[in-house]
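Me: Mind walking me through the enclosed spaces and the ligand site in this one? I'll fire off questions as I look.

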Amino acid sequence: MIRIGNVTIPGRISLSPMAGISDSPTRRICRKFGAAFSYTEFVNTDELVHRAPKALKMFRFHPEERPITFQIFGNRLEIIAEASEIIQELKPDIIDLNMGCSTRKVSLRGAGAGLLRRPVLAGKIIEAMKKRVNVPVTAKIRIGWDSTSRNYLEVSKILEESGADALTVHGRTKEMAYTGLADWNAIGEIKVNRRIPIFGNGDIKSFQEANSKIQEYGLDGVLIGRSAIGNPWIFSEIKKNELSWSDVSEVILQHLRWMIDDFGEEFGLVLFRKHLVKYLTGLDFDQAWKTELLEIREWNQFEDLLLSDKRRNVLAVL
Ligand SMILES: Cc1cc2nc3c(=O)[nH]c(=O)nc-3n(C[C@H](O)[C@H](O)[C@H](O)COP(=O)(O)O)c2cc1C
């Protein structure tokens, strides 16, 4: 059993935070199939300090999602510390500082992966957060800004010494964004040199691979991002390509039902499209049927069409 501070994490494989993807319904679907804990999308501390309703809404969750980590990003110590205190009112189990976002808008302002270039400041931010909240504080980092500044040992040391209760490491530099391959040896090196729990992340494509990475690098756990979209079964022994269409369609409808409960019928359906495309990946079906499904704006129509004439539309699970 892993512990992050005083929080027990019931498992070792979980869903990575993904803006625009890892909302509450999606986290719940993943938890249902075995994801160990919940991790929100990142939320801007500049908005949180003003208690902007839109920002606070990003932290809505259901009790069955616990333990839940709220992720925040920012570039100013005082703002981040204050935002941490504000969101603590919403009762997260853990608060996480994003130090990995590679988008220009975030990282060039010194937030997200931008903090990798200022490890001392990052350490001070963690210290300040720890002073303001009474839940564990963690950070999610990359291994450096670019190939000439892979400062992951320095960064992880400073964060640990500043009181971080655990770290997640995406084994790429900021410069790589999502290209190339994650460097798992670097993640393993961090694990060997630190005492706090370390979660590895990057390019995991199956449950088996997740377990072998944990074993090989002696990690406390791993997070799966992209390969979990449209495949919540990845958190269990169940292989998507061995499921029947009725198993898959049942989960699609459950996921969508939850999206609609949280976001309303029309917006829920729109938000669900990117998930649907991934759920259908690897299945053989009629393209016109898919196009039609992606345009529907009412639950009843969606359900009817999804379940209509199954054999014609979904010929086989590949
Ligand atoms: C669409 C998308 C959104 C993401 N948003 C976040 C985010 O909000 N916070 C974060 O720490 N990482 C974010 N990430 C990075 C992922 O958590 C993860 O580190 C990365 O995708 C590598 O893992 P994977 O290869 O399993 O996808 C995002 C990734 C994607 C693809």
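Reply: Sure, one definition before we start: on a 1 Å grid over the protein atoms alone, a cavity is a set of points where a 1.4 Å probe fits but cannot get out, and lining residues have an atom within 4 Å of a point. Grid points are joined across faces, edges and corners, and a volume is the space filled by probe spheres set on the points. Also, this is a predicted model, where local features need pLDDT of at least 70, side-chain atom pairs count only at pLDDT 80 or more, and totals for chains, interfaces and linings use all residues. Residues are numbered from 1 along each chain as its sequence is written, and side-chain values use heavy atoms, with hydrogens and water left out.

Me: How much space lies in the largest cavity?
Reply: Two cavities reach 30 Å³ or more by this rule. For the largest cavity, the space comes to about 60 Å³.

Me: Which element gives the most to the lining of the largest cavity?
Reply: The lining includes I4, F37, T138, A166, L167 and T168. Two elements give two or more residues to it, strand 7 (137-144) and strand 8 (166-173); strands here are DSSP runs of E, at least two residues, and helices runs of H or I, at least four, numbered from the N terminus. With three residues, the top contributor is strand 8.

Me: Which element gives the largest share of the lining of the second largest cavity?
Reply: That cavity holds about 40 Å³, and L269, F272, R273 and L276 are among its lining residues. Helix 11 (265-280) and helix 12 (287-295) each give two or more residues. The largest share, four residues, comes from helix 11.

Me: How many charged residues are in the lining of the second largest cavity?
Reply: Count Ala, Val, Leu, Ile, Met, Phe, Trp, Tyr, Cys and Pro as nonpolar, Asp, Glu, Lys and Arg as charged, and the others, Gly among them, as polar. The largest cavity's lining has eight nonpolar, three polar and no charged residues. In the second largest cavity, the split is seven nonpolar, no polar and, for charged, one.

Me: How far does a polar side-chain atom of K140 lie from an oxygen atom of the ligand?
Reply: A polar contact is a pair of N or O atoms within 3.5 Å. A backbone N or O atom of F42 lies 3.3 Å from a ligand oxygen. For the polar side-chain atom of K140, the distance to a ligand oxygen is 2.8 Å.

Conventions. On a 1 Å grid over the protein atoms alone, a cavity is a set of points where a 1.4 Å probe fits but cannot get out, and a pocket is an open set with protein on both sides within 12 Å along at least five of seven lines; lining residues have an atom within 4 Å of a point. A polar contact is a pair of N or O atoms within 3.5 Å; within protein, one must be able to donate a hydrogen and the other to accept it, and residues adjacent in sequence count only if both atoms are side-chain atoms.
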